Amino acid sequence: METVWLILLVLMIATYIVLDGFDLGVGVLHLLIARDRSEQKQIIQSIAPVWDGNEVWLIAAGGTMMMAFPGFLSSMFSGFYLPLTMVVWLLIFRAISIELPHYLSDSLWIHFWNLMLFVSSGLLIIILGAAMANIYRGVPLDATGSFFEPLWTNFRIGPQTGILDWYTILSGVTSATFLLHHGALWLVAKTDGRVQQHARQAATWLWTGSIGLTLVIFFASWYVQPLARTSFSETPWKIILPLAAVLSLLASGYLRWKNKNMPAFLSSGLFIYLVIFSGAMAIYPNILPGLNPEHHLTIYNTSPGPEKLTTTLYWWIPGILLVGVYFTILFRSLPAVISASSEDDH
């Protein structure tokens, strides 16, 4: 039952990153590829009906974590207090930056909030990537499951880790490239005119960068985490996940080249799912490795037990089915293309 809940938790986290990830990518790209206010509006309109709903998956993932692995949640919130506080503030600034410019007429304030959308979205992407890298790499857990990390130490992997080191920074940059590519493919699929042309050009460059960084981050992750080397050597079938991830990324580039825009976007989403599941399976059954192997947090020592997990599952299933139905209706009701001539900001 613990394994079932780990799969569900990883699924929830990955779904948040896939759905809110393209919103965040668009938030960065809107300042890079739009040439005027009209194009900026067109870009924001493409995510306006869904961005706040997509954030719900972050809350749902937190609730799932609290129900299934409360020990993991308490350790995370105590050790990553500063990054989590930063995420909350960045989410607030992102929301204000999307909604407030609709009610402003002063060009200076509009430019300011556009810049804040760019900054908050970009920092969220990098922090999320660095946070996941910290979880994968391991943290200095003590016997009680608590830990503290400074923001940085010497930027090296070792006994004195910081939240930022060469591996977590690499992961943040990689995350940014993946999600900007994901956001660019969303714009290619959902816009037209110059915005679509510029998004297609950006997607081409970002896809190339994603290919290179995928190889780099896979080898770096293999080097950084000994648990991954053990896991893949003992259960070689797990190599299917990273291989499938690479194939999905290659497919997204091919589909975009063939002008199959929505399938290319969906293939990019599948790639992100597979990357996240690859990382989770590499450290399984650990959920938060410790630098001291005796202090690993696993799915077994952080959960309330199989009986409570079974009872919780009965309530979780109907709730997630309702959410799934809502999001299916929401995305199916979106316009096929957001035209540059649209006058409705929402």
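Helix axes here are lines fitted to C-alpha atoms over the stretch in contact, and angles between them run from 0 to 180 degrees between N-to-C directions.

**View 1. Packing of helices H5 and H6 in the predicted model.** Helix H5, which spans residues 81-99, packs against helix H6, residues 107-137, at an angle of about 145°, and the two axes lie 8 Å apart. The crossing of this pair is left-handed.

**View 2. Residues in the contact of H5 with H6.** From H5, the residues that meet H6 are Pro 83, Met 86, Val 87, Leu 90, Leu 91, Phe 93, Arg 94, Ile 96, Ser 97 and Ile 98, while H6 contributes Trp 113, Met 116, Leu 117, Ser 120, Ser 121, Leu 123, Leu 124 and Ile 127. By class, this contact comprises 14 nonpolar, 3 polar and 1 charged residues.

**View 3. The largest cavity and its lining.** The structure holds 2 cavities of 30 Å³ or more, and the largest encloses about 60 Å³ of space. Its lining consists of Arg 37, Gln 40, Lys 41, Ile 44, Ser 97, Ile 98, Pro 101, His 102 and Asn 114, which divide into 3 nonpolar, 4 polar and 2 charged residues. Helix H2 (37-47) and H5 each supply at least two of these residues, with H2 giving the most, 4 residues.

**View 4. The second largest cavity and its lining.** About 30 Å³ of space lies in this cavity, which is lined by Gln 45, Ser 46, Pro 49, Lys 190, Leu 334, Pro 335 and Ile 338. By class, the lining of the second largest cavity has 4 nonpolar, 2 polar and 1 charged residues.

Definitions and conventions. Residues numbered from 1 in each chain as written. Predicted model: local features only at pLDDT ≥ 70, side-chain atom pairs only at ≥ 80, totals over all residues. Heavy atoms only, no water. Helix = DSSP H or I, 4+ residues; strand = E, 2+ residues; numbered from the N terminus. Left-handed = near helix turned anticlockwise from the far one by under 90°. Contact = heavy atoms within 4.5 Å. Nonpolar A, V, L, I, M, F, W, Y, C, P; charged D, E, K, R; others polar. 1 Å grid on protein atoms, 1.4 Å probe; cavity = no way out; pocket = protein on both sides within 12 Å on 5 of 7 lines; lining within 4 Å. Points joined across faces, edges and corners; volume = space filled by probe spheres on them.
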